[in-house]
Structure formats: C-alpha cells, structure tokens
Amino acid sequence: MSVSQGTIKKQSEAKISVSKEKNTGGVLLTTALMAGYSMIYMDKNMISTAIIPIAEQFHLTTSQTGLIMSLFFLGYSLMQIPGGWLADKIGYKKVLMLSLSLITIFSFAFGLAGSLLMFILIRFLAGIGHAGYPPSCSKGIAENFPKERRTFVQSLILSTSGIGGILAFVIGARLIDLNWHYAYYALGTFFAISFFLVAFLVPNTIPTAKTKTEKKQVSFKSVISNRNVIVLFVAMLLANVAFYGNMSWLPTFLKTKFSLSISTVGVILAVNAIGGTLASIFAGVLLTKYFANKEKVLLMGCSVLSSLLFLGLVFSDSLALSIAFLYVLTFLLTTIFVGIFSWPHKILPEKVIGSSIGIVNTGGTLGGFIAPMAFGALITIAGGSFSIVFITLAIAIVICGLVALTVKTEK
C-alpha cells in the first residue's frame with residue numbers, strides 16, 4: 001500500500017513539475033512576443049509624430065508625408081501572406097528573428113535619411129520587415145497554447161498596441177521634440193533588444209510527428225479561397241482604414257486645430273495609448289467570457305458607436321470633449337481590431353493559422369497603406385480641413401461592422 005502511495009505521489013509531483021514548466025515557458029514566450037510587438041507598435045505610432053518636424057525641415061506637403069506613411073504599409077501588405085506562409089513552413093521563431101533584424105536595420109537607416117526618396121524607400125523596406133511578425137506571433141500562440149486560451153493570449157499580446165503607443169508618445173515624442181534623428185536611433189536599439197529576447201526566450205518550432213490518425217493537410221489554396229478568410233480580410237481592411245486613418249493624422253489634427261505643441265500632443269496620445277492597452281485586454285475578456293459565439297453583436301455595436309464618435313471629432317470645438325471622444329473611440333476601435341484578428345483561432349485549423357492571419361492582416365495593412373496617402377490628398381484638396389477625413393472614417397467603420405455580420409460560424 002505504501003509503495004502504491006509513493007508511486008502516486010511521484011506521478012503527481014511529475015505532473016505538477018510539467019505543468020509548472022509549461023506555464024513558465026508560456027510566460028517567457030508571451031513576454032518575448034509582447035516586447036517585440038510593443039516595438040512594432042511604437043514604430044507605427046512614432047512616425048505620425050516624427051513626420052511633423054520632418055515635413056517642416058524638408059518642406060514636404062501633406063500628400064508627400066502621407067506617401068511616406070503609406071509606403072510603409074505597402075511593403076507590409078506585399079509580405080504579409082508570404083510571411084504567414086513561411087511561419088507555417090519553416091517555423092515561427094525563424095521568421096520572428098528575421099523580421100526583427102530587418103526592422104532594426106531600417107530604423108537606424110531612417111534616422112540617417114535626408115531626402116523624400118530615402119524616407120519613402122526606407123519606410124517601404126521597414127514595412128517588409130514588419131510583415132512577418134504578426135502571423136508568426138499567431139503561429140506561436142497556436143502551437144504553444146490550448147484553443148480555449150488562444151483568444152485571450154492573442155488579445156494580451158495585441159494590448160501592446162497601447163504599450164507601443166505610450167512609448168511612442170512619451171519617449172518618442174520627447175526625443176522627436178529634441179531631434180527626430182535621435183528618436184529613430186533609440187527605436188533601432190529597442191528593436192535590437194527585442195531580437196535578443198526572442199532569440200533566447202522563444203522556443204524553437206517542434207515538428208509534429210505524422211501519424212495514421214493525423215488530420216488531412218489543409219492546402220494554402222483552400223485557405224486563401226476560404227469564405228470566412230475573405231470576409232475577415234475585407235473587415236480588417238475597413239477597420240484599419242479607420243484605425244490608421246485616425247492614428248496617422250491625429251497628431252497633426254490636434255496640433256493644428258487646437259494650436260498645441262508636439263509634447264502636449266504626445267501626452268494626450270500617451271494617455272490614449274494606455275486606454276488602448278486596457279481595451280485590448282478587456283476585449284479578450286469580452287470575447288472569451290461574455291461574447292463567445294456572439295462576436296457579430298459586439299463588433300456591430302462597436303462599429304456604430306465608433307462612427308458617431310468620428311462625427312463628434314468633426315463637429316466639436318472643445319479640446320476636452322474631443323479628447324473624451326478620442327479616448328472612447330480608441331477603446332472601441334481596439335475592440336473591433338482584436339475581435340477580427342483573433343477570430344481565425346476559433347474558426348480555422350491550427351496548422352494554417354500563420355497563413356490565415358497573414359491573409360487577414362494583409363487586409364489591415366492595405367487599409368494602413370490606403371488611409372494616410374488618400375487622406376493626405378483629401379486634406380490638401382480640402383484646403384487643410386480634416387472634416388472630410390473623419391466623415392469618411394465614420395462611413396468606413398460602419399461598413400466594417402456590416403461586413404463582419406456575414407462571417408459564417410458553426411451552430
């Protein structure tokens with residue numbers, strides 16, 4: 001009897017040890033992915049502030065500055081699907097490290113640039129570097145966490161949009177106010193640190209052994225032609241037209257409309273970024289506990305409210321009211337983004353998560369490509385007025401919600 005109890009005790013201790021090891025590995029993986037993602041979002045946010053002194057120094061028009069911001073997303077869009085495919089084929093860690101190494105190089109290069117052509121070229125190449133990170137993160141989540149935890153872990157990692165924003169609008173904005181070159185040297189250093197965190201903390205991809213009971217392979221062709229993938233692609237495109245259209249021109253809008261300094265704008269947007277972080281985590285809880293299988297209701301509701309708040313920004317002449325509208329708007333847009341981005345974990349096979357996220361997020365990056373350039377041209381045509389931009393964003397986000405209603409889910 002004592003031998004049996006001893007054996008049971010050893011087995012129990014072994015299970016606890018394995019469980020602790022898995023939990024520790026999951027924490028380290030999540031930490032490393034969040035560090036890299038924070039830098040990704042710092043880069044995306046910082047350019048919208050840096051473009052102000054760059055435009056003044058090199059006498060650039062809003063159309064030209066819009067082109068600099070948009071070309072980043074063109075490079076991003078072109079490599080999203082190949083990046084997701086590579087994550088599925090050669091392993092997510094290799095793609096993560098390649099992505100971070102490229103962004104590190106081009107962050108330093110942007111700080112050294114001195115002409116419109118160089119700004120455009122470097123941001124385009126930086127976009128190519130960025131492209132492999134999101135689908136590789138999603139692939140890492142799919143391989144290392146059970147299905148029921150993936151949506152929350154994904155939302156936790158996406159909460160770095162706020163962390164990156166805080167870094168961009170506190171550290172980045174202060175450095176930009178001092179000298180925009182220094183801001184990009186600092187950014188390159190942060191990316192280098194993230195590279196080493198991924199190299200040491202992220203586990204290598206472990207090939208799954210083939211068995212007779214293994215499920216039939218899902219072809220890339222079937223993924224790219226999957227109805228839900230196409231619908232989410234379109235929804236993400238519209239969501240990011242709204243998200244990046246707002247983010248790209250918000251610093252200039254606030255500075256121009258209310259005659260604020262770059263540092264003051266940075267403080268407002270840093271607080272806004274904190275809200276974005278909380279929104280991402282809260283969205284994960286909502287989607288997991290309260291709106292499981294009711295994602296359409298949440299996304300449509302957030303879309304309608306976001307549209308009203310965009311219109312509020314147009315018609316409000318009060319700085320305090322505009323800031324309040326902005327903070328609630330960011331909360332809603334972040335919830336929409338997390339909802340669309342995490343949906344594939346629920347409705348698509350694990351083995352093609354990298355490819356499917358790559359396709360869906362390509363819609364997002366195309367939205368990021370279209371918005372800054374198109375709205376920069378619209379602002380120029382409208383004689384410097386931002387009203388047409390926010391009215392267009394209000395329409396785009398409602399259409400996004402309507403598109404999301406067409407996703408087919410199992411009953």
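What share of the 411 residues in the protein is buried? In this predicted model, buried residues come to 53% of the 411. The fold is built with helices and without strands: 16 helices are found, and zero strands. As for how the chain meets itself, take the contacts between residues at least 6 apart in sequence; of these, 87% join residues at least 24 apart.

Two helix pairs give a feel for how the pieces fit together. Two packed helices are described by the angle between their axes and the distance between the axes. For helix 3, which spans residues 92–112, and helix 8, which spans residues 180–201, the packing angle is about 165° and the axes lie 8 Å apart. An angle over 145 degrees counts as roughly antiparallel, so helix 3 is roughly antiparallel to helix 8. The crossing of helix 3 past helix 8 is left-handed. On the chemical side, the residues in the contact of helix 3 with helix 8 split into 16 nonpolar, eight polar and just one charged.

Helix 2 and helix 5 make up the other pair. Here residues 62–90 (helix 2) pack against residues 133–144 (helix 5) at an angle of about 25°, with 7 Å between the axes. Angles under 35 degrees count as roughly parallel, and helix 2 and helix 5 are therefore roughly parallel to each other. Helix 2 goes past helix 5 in a right-handed crossing. On the helix 2 side, the residues that meet helix 5 are Tyr76, Gln80, Gly83, Gly84, Ala87 and Asp88. Their partners in helix 5 are Pro134, Pro135, Ser136 and Lys139. Sorted by type, the residues of this contact between helix 2 and helix 5 are four nonpolar, four polar and two charged.

Zooming in on a single residue, Ser342 sits in helix 13, which covers residues 319–342. Is Ser342 buried or exposed? Its relative accessible area is 1%, and the cut-off for buried is under 20%, so Ser342 counts as buried. The side chain of Ser342 also has a polar partner: it reaches the backbone oxygen of Val338 at 2.7 Å. Setting aside neighbours within four places in sequence, the residues in contact with Ser342 are Thr151, Gln154 and Leu287.

Methods:
Residues are numbered from 1 along each chain as its sequence is written. This is a predicted model: local features need pLDDT of at least 70, side-chain atom pairs count only at pLDDT 80 or more; totals for chains, interfaces and linings use all residues. Side-chain values use heavy atoms; hydrogens and water are left out. Axes are lines fitted to C-alpha atoms, for helices over the stretch in contact, and angles run from 0 to 180 degrees between N-to-C directions. Helices (H or I, at least four residues) and strands (E, at least two) are DSSP runs, numbered from the N terminus. Angles under 35 degrees count as roughly parallel, over 145 as roughly antiparallel, 65 to 115 as roughly perpendicular and the rest as oblique. A crossing is left-handed if the near helix is turned anticlockwise from the far one by less than a right angle, and right-handed if clockwise. Ala, Val, Leu, Ile, Met, Phe, Trp, Tyr, Cys and Pro count as nonpolar, Asp, Glu, Lys and Arg as charged, and the others, Gly among them, as polar. Buried means under 20% relative accessible area, exposed over 50%, partly exposed in between (1.4 Å probe, protein chains only). A polar contact is a pair of N or O atoms within 3.5 Å; within protein, one must be able to donate a hydrogen and the other to accept it, and residues adjacent in sequence count only if both atoms are side-chain atoms. Contact means heavy atoms within 4.5 Å.
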